[in-house]
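Here are my comments on the model you sent, set out as numbered points. I begin with one helix and what it packs against, and then turn to the other parts of the fold.

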Amino acid sequence: RPQTFEQVIAQTHITRTLTNAISSGRVAHAILFSGPRGTGKTTVARILAKAMNCQDGPTPVPCNLCRSCNEITVGKAVDVFEIDGASNNSVDQIRELRENIKYMPAHSPHKIYIIDEVHMLTKEAFNALLKTLEEPPDHVKFIFCTTDPQKIPITVLSRCQRFDFRRIGVQSIAQHLKAICKKENIQIDEEALLLIARKADGSLRDSQSILDQMVSFTEDRITAENVIRGLGLIEQ
């Protein structure tokens with residue numbers, strides 16, 4: 001995964017806005033990232049958490065060396081909570097979260113709650129969250145990620161700063177896969193890269209999964225013919 005805003009692929013409209021917001025000290029207390037799967041929502045949420053809690057921060061370029069940055073990278077940060085909205089969607093769990101918010105961070109400037117697939121919360125859970133979104137403590141930031149923003153109540157949407165992630169273009173995906181192949185010493189044809197990029201349908205994560213599948217399927221160099229056979233595609 002990218003560890004800085006600069007490394008994020010094809011979402012410049014979002015990373016530039018967040019970078020400027022951090023530099024000017026105007027990061028919203030509740031942010032919503034919406035968009036198709038595999039376009040970088042959770043990745044950008046983690047980078048933003050680093051930027052806010054870095055020992056040099058808030059900074060647009062987290063050091064990736066300090067205690068806070070390292071804890072977020074390995075997923076063990078005591079002040080950054082990654083919550084799966086699908087499995088933690090009850091009103092009781094949100095009430096528990098609301099109680100924990102009152103306490104100050106352990107060693108970072110902010111307590112940051114990243115709620116993935118937030119649209120899976122129940123109506124009652126959203127209602128329980130509303131009061132906190134209206135008057136959050138200064139040390140708390142919320143980052144919500146969703147593939148289906150239409151399911152989020154308008155009362156919650158209106159309290160968030162929203163960023164819409166775009167599907168990633170075929171050329172951008174192909175270039176990224178090419179860089180991975182070079183780093184991993186994987187032999188692959190340009191045409192095969194483009195076929196994988198098109199099959200991924202704008203999702204960088206899907207393209208990496210397909211590439212991994214093709215590495216297992218092919219004995220030596222990955223060709224367009226290998227990709228067509230391996231994925232059961234129809235030739236052009």
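1. In this predicted model, the buried residues of α8 pack against α7 (170-183), α9 and α10. The residues concerned, within a helix that spans 190-199, are Ala192, Leu193, Leu195, Ile196 and Ala197. Just beyond the helix, α8 is followed by Asp201, whose phi is positive, near 55 degrees.

2. One of the partners of that packing, helix α9, covers residues 204-217 and contains Met214. Met214 is buried, its relative accessible area being 0%. Leaving out residues up to four places away in sequence, Met214 touches Ile196, Ile222, Asn226, Val227, Gly230 and Leu231; of these, Ile196 is among the buried residues of α8. For a sense of distance across the model, the C-alpha atoms of Met214 and Asp92, which are 122 residues apart along the chain, are separated by 44 Å.

3. Asn226, one of the residues that Met214 touches, belongs to helix α10, which runs over residues 224-231. Is Asn226 buried or exposed? With a relative accessible area of 10%, Asn226 counts as buried, because the cut-off for that class is under 20%. A polar atom of the Asn226 side chain lies 2.9 Å from the backbone nitrogen of Thr223. When residues up to four places away in sequence are not counted, Asn226 touches Met214, Phe217, Thr218 and Arg221.

4. The largest nonpolar core has 26 residues, and the members that touch the most other members are Phe5, Leu18, Ile31, Phe33 and Leu48. Two or more residues of this core come from each of α1 (12-23), β1 (30-34), α2 (41-53), β3 (111-116) and β4 (140-146), and α2 gives the most, with seven residues. Leu18 illustrates the connections well: neighbours within four places in sequence aside, Leu18 is in contact with Phe5, Ile31, Phe33, Val44, Leu48 and Phe163. A second core, separate from this one, has 24 residues, including Ile83, Phe126, Val140 and Leu157. As background, nonpolar side chains in soluble globular proteins tend to be buried together.

5. How many cavities of 30 Å³ or more does the model contain? The count comes to one, and the space in this largest cavity is about 40 Å³. Its lining consists of Val27, Ala28, His29, Ile31, Leu48, Met52, Ile112, Lys141, Phe142 and Ile143. At least two lining residues are supplied by each of α2 and β4, and the largest share, three residues, comes from β4. Ile31 and Leu48, which appear in this lining, are also among the residues of the largest nonpolar core that touch the most other members.

6. On the cysteines, the structure holds zero disulfides. Cys69 is in no disulfide, the nearest cysteine sulfur being that of Cys66 at 3.6 Å; this pair does not qualify because a disulfide requires sulfur atoms within 2.5 Å. Cys69 is also buried, at 0% relative accessibility. Cys160 is likewise in no disulfide, and the nearest cysteine sulfur, that of Cys145, is 11 Å away. Cys160 is buried as well, with a relative accessible area of 13%.

7. Two further backbone angles deserve a careful look when you go through the model. Most residues other than glycine have a negative phi. Ala10, although not a glycine, has a positive phi of about 60 degrees; Ala10 lies in the segment before α1 and is partly exposed, with a relative accessible area of 31%. Asn185, again a residue other than glycine, has a positive phi near 55 degrees. Asn185 is found in the loop between α7 and α8, where its relative accessible area of 67% makes Asn185 exposed.

Terms used:
Residues numbered from 1 in each chain as written. Predicted model: local features only at pLDDT ≥ 70, side-chain atom pairs only at ≥ 80, totals over all residues. Heavy atoms only, no water. Core = buried A, V, L, I, M, F, W, Y, C linked by side-chain atoms within 4.5 Å. Buried < 20%, exposed > 50% of the residue type's maximum accessible area, 1.4 Å probe, protein only. Helix = DSSP H or I, 4+ residues; strand = E, 2+ residues; numbered from the N terminus. Contact = heavy atoms within 4.5 Å. Polar contact = N/O pair within 3.5 Å; in protein donor to acceptor, adjacent residues only side chain to side chain. 1 Å grid on protein atoms, 1.4 Å probe; cavity = no way out; pocket = protein on both sides within 12 Å on 5 of 7 lines; lining within 4 Å. Points joined across faces, edges and corners; volume = space filled by probe spheres on them.
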